[in-house]
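Visitor: I would like to walk through this model with you, one topic at a time. Could we begin once it is on the screen?

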Amino acid sequence: MDFLNALVALTNYIIIPASTYGAQLALGALGVTLIYGILRFSNFAHGDTMAFGTGLAIIVTWGLQAMGVSLGPLPTAMLALPFAIAGTAVLVLVTDRLVYAHYRRVKAKPVTLVMVSVGVMFVMNAVTRFMIGVDDIKFADGARFVISARGFKEATGLAEPLAFRTTQLLTLVTAAIMVAALFWFLNRTRTGKSMRAFSDNEDLALLSGINPNQVVRVTWIIAAGLAVTAGTLYGLDKSFKAFNYFHLLLPIFAAAILGGLGSPLGAIAGGFIIAFSEVGVTYAWKKVATYMIPGFEAEGLLQLLSTEYKFAVSFVILIAVLLFKPTGLFKGKAV
Amino acid sequence: MKKMLLTTTAALLVAGSAMAEDVKIGVSLAFTGPLESMAPHMAAGAELAMKEVTESGKLLGGVTVVPVRGDTTCIDAAAATATAERLITVEGVKGIVGGMCSGETGAQLENVAMPNGMVMISPSATSPALTSKEDNGLFFRTAPSDARQSEVMADIILEKGISSVAVTYTNNDYGKGLADAFEAAYTAKGGKVTINAPHEDGKADYAAEIGALAAAGGDALVVAGYVDQGGSAIIRGALDQGAFSTFVLPDGMVGAKLEENFGSEIDGSFGQLPDSMGDGKAKFAAMADGFDPTGAYSGEAYDAAALIMLAMQAAGTTDANVYKDKVMDVANAPGEPILPGELGKALELLAAGQDIDYQGASSVELIGPGESAGTFREIEMKDGKVDTVGYR
C-alpha cells in the first residue's frame, strides 16, 4: 500500500506534470530548431508567434462557441487550431517577405538576423496585445478531468490523490501526432527531403536544383504550425496571458540548444530533460521517502534544491552540455 | 520645407511657454509587466483627482494639473529609474504618484527622487522594507505596510484553528516581505510554517512548486502572490492535483479574477486586504467614469494624487522640498474631513488657512514615516463569491 502511495505521489507531482510541460517545450523547441537548421538564425520571435497564434485560436474559439459548435469532452479550441495556424502562417510569411528576405538577400550575418528577430518579437508582442489584450484568459471548455483527484482517492482508497486533466492527455497525444507527422514529412516527402538537404549543405542543395524560396516558405509554415499548436496546448493547460509566452522562450531555447540546434530529435529530448530536471531536482522527497522506507520519519523536506533554483538547474545542464558537447546531445550545429 | 519646420518648432515653443502655468504630476505605474492589468485603473484614479482639482480652478490660483504617465514595468528597476528620471528632468513634474511595485519604487526613490528632491506617493507599494528606508521625508504611501497585514493574517488563521500552513510567495519585494513578516508573526503566535517557498510570476510551469508545497504539507496554503499571475496558477495546480483545499488569500489575491477563476471550488478559503468602510469608497465609486473603481489600489491612487495637490496648496508652492512637510498635515486630523469629490472644498479651506483631514477613498491616516495605518477587510469565499466577514 505504501509503495503504491509513493508511486501515485510521484506520478501526480512529477511524471504527469513534467511530461505535459516537456511536450509543450518540445513542440516549441522543434519550431526554433527548424528555423535554425534551415534559415540559420535563432528566432527570438518564436515565443510571441506562439502568443499571436494562441490569441487567434481564442478568437476563433469564441466565434465557434457563439455559433454553438463544440467538441463534446474536448476543448473547442482544437477545432479553432487549423484556422489559427493558417492565420499565423500568413503573418510569418508576410514578416519573412517584409523583413527577413531583405537580410537574406544582403547575406547578413546570423547575429544580425537574431537582432532582427528580436525586433520582430517586440512588434508581434504589441500586435498580440492590441488584438486580444493583456488579461489572463481561460478558454478551455469540455471535460476538465480524465481522472480527478477526489475521484481517484474514492475509487482506490489510497491516501495520495492522482489527477490527470483532459488538457494534459490532449497535450501528450497531440504532441505525439505532430512529432510523428513532422518526422514522416522530413524523411519521406520530397519537400521534406529538400529541406533536410538545404539544411545540411545550402550550396550543394542549390546546385541540385532545390528552390530555396519554397524551402523557406514551407519552413515558416511548419514552424507556425508547431508554434500555434504548442501555444494553444499550453494556453489550454494553464491559461493564456500574452506576457507568459515571452517567458516561455527561455526554457524553449534551453531545450533546443541542449538537444543540439538544428536537430529535431534533440529538440524533443531537450524539452523533456529540461522539464523533468526542473520538476525532479526541486521536488521535496519527504513524502515519498516516508512511504518507501518503513519507520522513517524525515526531519526536513528532503529537497535537493529549493524551487527558486529550478531555472538554475536547466541552465547548469545547458552549460555542462555546451562545455563537453558543444553541438548538443544530438549533434546539432555548433552555436 | 525647412522654413515650415522652423515655424512649426517656433509655434511649439510658443505654445510650450504659454502653458507654463500648468503643473505636471507624474503617474509612474507599471503599465506593462506582470501587473499591467491593474495599472490602467490606478492611473485613471489618480487622473480623476487631477481633473477634479483642475476643474475646481482653486489650486494655487487656478493652475491646470496635467498628468504625465510613465511606465515602471514593475520588475525592471533600471527601467523604472529611467522613467522617473525622464518625468523629473524632461517633463519637469512637481510630484510623482508611484511607483507601483515595492522593488521598483525603492529604486526610483533612491536613484532619482532623493537626489532630485521630489515627492513620491506610492498607492500600492506595501513592502515592510520601505518603512525603514531613508527618504529625506520625500516618500509616502497610501497603502499600509505588509508587516501590519501579516499580523492580521496570522490572527485570522489561528482563530480558525489552523496551526500549520505552507506558504508560497511571488518572488519579489512584495511577496518576500509579506511572506517573511507573516512567518515571523505566525510562528510567534504559535503556528507552524512547513515551507516558505517562492514562485516566479509569468513563468511557464508551476509543477515543481506545487510538488514541493504538497510534499511539505499543512492544513492550508498561504498564497502571497498576484491573482492574475502565478498566484492563480499555483491555486489551480494545488486544487487539480488534490494538494490543498483551503487557501489563505492576502491582498494581491483578492479580486474579481478570483471569483472568475475558481468560483465555488475554493469555498471556505479566506483572507484579508487593506480596505476601508466608510463613505469615501462609495463616493469614489460613484465618481469613477470609464474605469473600475473597485480595482485594487485605484482609490489609493486617487488619494495619492489628491495628497500631493493638497500639500502643494497648503504650502502655497509646487516646490517638493517645501510641500513635503505638509503631506502629513493635510492627511491627518485635526481639520475638516475631506472625501472624494470634495477636493475643491479642501483647496478653498486650505487657501483660507484652515486645517483639513483628508479621508479620501481609502480612509487615509498616515502613521510612522508616512504610510497608511490601514484597516483590513476580512473576506471568505462563500458560494463562489468573495464575502466580507468584517473589518479589523
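Visitor: What helix and strand shares does the span of residues 51–71 of chain A have, and how far apart are its end C-alpha atoms?

Guide: This is a predicted model, in which local features need pLDDT of at least 70, side-chain atom pairs count only at pLDDT 80 or more, and totals for chains, interfaces and linings use all residues. Residues are numbered from 1 along each chain as its sequence is written, while chains are lettered from A and ligands numbered from 1 in the order in which they are written. Residues 51–71 of chain A form one of the spans that an unreviewed UniProt entry annotates as "transmembrane region", in the numbering used here, with the feature name shortened and the annotation possibly inferred rather than shown by experiment. Counting helices as DSSP runs of H or I of at least four residues and strands as runs of E of at least two, numbered from the N terminus, the span is 76% helix and 0% strand, and its end C-alpha atoms lie 23 Å apart.

Visitor: For residues 77–99 of chain A, what is the end-to-end C-alpha distance?

Guide: This span also carries the "transmembrane region" annotation in the unreviewed UniProt entry. Residues 77–99 of chain A are 100% helix and 0% strand, and the end C-alpha atoms are separated by 31 Å.

Visitor: Is helix H10 of chain A largely enclosed or exposed?

Guide: A residue is buried if 20 or more other C-beta atoms, placed from the backbone, lie within 10 Å of its own, exposed if 12 or fewer, and partly exposed in between. In H10(A), 15 of the 18 residues are buried, so the helix is, with respect to the rest of the structure, largely enclosed.

Visitor: Where does Asp135(A) sit, and how exposed is it?

Guide: Asp135(A) belongs to the loop between helix H4 (110–132) and strand S1 (145–147) of chain A. Because it has 13 C-beta neighbours inside 10 Å, Asp135(A) counts as partly exposed.

Visitor: How far is Asp135(A) from Lys241(A) in space?

Guide: In sequence, Asp135(A) and Lys241(A) are 106 residues apart. From C-alpha to C-alpha, the distance in space is 6.1 Å.

Visitor: Which element of chain B gives the most to the side that touches chain A?

Guide: With contact meaning that two C-beta atoms, placed from the backbone, lie within 7 Å, 26 residues of chain B are in contact with 33 residues of chain A. Strand S7 (192–199), helix H7 (207–216) and helix H8 (230–240) of chain B each supply at least two residues of that side. The element that gives the most, with nine residues, is H7(B).
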